[in-house]
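Let's walk through this model together, one helix and one sheet at a time. Have the viewer open as you read.

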Amino acid sequence: MSRTVLHLVGSPVDEFHAELSALYVRGCLDVLQDMYYNRVAYVAPGGKWQFPTSLSSAALAEAPYLSAAEGIAHLASLDVSVVVPQMFCMPGMTSYRALLDVVGIPFVGNSAAVMSIAADKAKTRAIVAGAGVDIPDGRVVHDATPTDLSLPVVVKPVGADNSAGVSLVREADEYEASVNAALAHSGVALVESYVELGREVRCGIVVRDGELICLPLEEYAVDSVTKPVRDAADKLARRDDGELFLVAKDAERAWIVDVDDPITERVWEAARRAHAALGCRHYSLFDFRVDPNGEPWFLEAGPYCSFAPTSVIAVMAAAAGISVEQLFADALAELDRETSRA
């Protein structure tokens with residue numbers, strides 16, 4: 001165990017994001033437990049810190065709470081080689097990554113600046129479009145005043161994840177309620193022209209020795225009549241006992257696309273452009289809508305990987321013969337390569 005790896009877990013925002021973070025981190029720890037000395041820093045809803053010995057309920061209950069100032073001071077004092085940011089809320093994706101830069105602890109994954117841009121669907125669209133990637137025609141709106149776009153349109157919050165607040169509007173009398181529902185999630189909404197199906201896929205990229213390696217695409221179950229767009233119900237749900245689980249891992253909802261499929265190279269090319277334009281490092285992840293002519297249209301970026309076997313990039317990597325252990329080792333190697341050049 002040559003390195004001490006700190007997993008930054010939880011959420012200062014709410015229990016949902018904290019639970020989602022812990023769900024992925026437990027899977028990551030199971031895989032990496034024998035390869036590195038793993039430690040956990042847990043940020044509880046409300047912003048207090050804990051440094052438990054594990055993510056078990058007992059360990060969390062025993063770990064004392066520290067104020068934000070005390071937690072940051074303790075974090076800075078640790079002998080940690082690298083941090084894996086494992087937080088999904090907006091502050092976790094951005095502010096806490098920036099904090100790691102401030103205290104001088106290197107971390108794998110994309111920078112706070114990249115994550116901030118990716119969390120804003122409107123900014124992301126503009127940047128990737130400037131790199132020559134096709135995007136649906138769209139408008140940013142702050143109220144339910146109709147736009148000049150012809151129906152149907154897809155309405156989504158500019159700054160929400162897991163398809164929260166996303167809806168397809170086919171009739172004019174549906175528009176106001178859909179926009180207001182999206183605005184409730186982020187205060188700003190994006191209205192996009194609906195790209196007819198087609199297919200919907202996700203493309204992951206990992207970086208190895210500075211080279212962008214595109215992974216096999218993951219495709220999602222959509223249907224022009226019964227499931228024209230994916231919504232929150234296609235991402236996460238709870239079991240009867242209340243436990244959170246990942247719906248999209250169901251084989252009937254998602255599957256790996258054969259790399260010989262004609263859409264693969266088209267999506268890969270668009271993804272490479274998006275990765276470079278956004279300034280991603282170590283890995284990236286993008287959603288595309290593929291129209292009936294086989295042309296990909298960029299939807300959004302989610303440049304995140306938890307290094308759990310169920311994480312999307314890990315699933316894609318496994319289809320390419322890359323284990324989670326290797327995936328993580330490659331990210332560390334890229335981080336070392338960048339550090340040596342600095």
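How many Å should the 12 residues of helix α8 span at 1.5 Å a residue? The expected span of α8 (residues 175-186) is 16 Å, and its end C-alpha atoms sit 17 Å apart, which agrees; the rule is 1.5 Å times one less than the number of residues. Helices here are DSSP runs (H or I, at least four residues) and strands are E runs of at least two, numbered from the N terminus.

A word on ground rules: this is a predicted model, where local features need pLDDT of at least 70, side-chain atom pairs count only at pLDDT 80 or more, and totals for chains, interfaces and linings use all residues. Residues are numbered from 1 along each chain as its sequence is written, and side-chain values use heavy atoms, leaving out hydrogens and water.

Back to α8: Tyr-175, Ser-178, Val-179, Ala-182 and Leu-183 are its buried residues (under 20% relative accessible area, with exposed over 50% and partly exposed in between; 1.4 Å probe, protein chains only). Down the axis of α8 they fall within an arc of 135°, so they line one face of the helix; the arc is taken over directions from the helix axis to the C-beta atoms. An α-helix has 3.6 residues a turn, so residues three or four places apart point the same way. On the other side of α8, Glu-176, Ala-177 and Ala-184 are exposed. Just after α8, Gly-187 takes a positive phi of about 85°.

Now for a sheet: four strands form an open one in the order β3-β2-β1-β4, with mixed pairing (pairing needs at least two DSSP bridges). Its edge strands, β3 (49-50) and β4 (82-85), each pair on one side only. Strand β1 (residues 4-10) pairs with β4 in the parallel sense over four bridges, and Leu-6 stands opposite Val-83 in β4.
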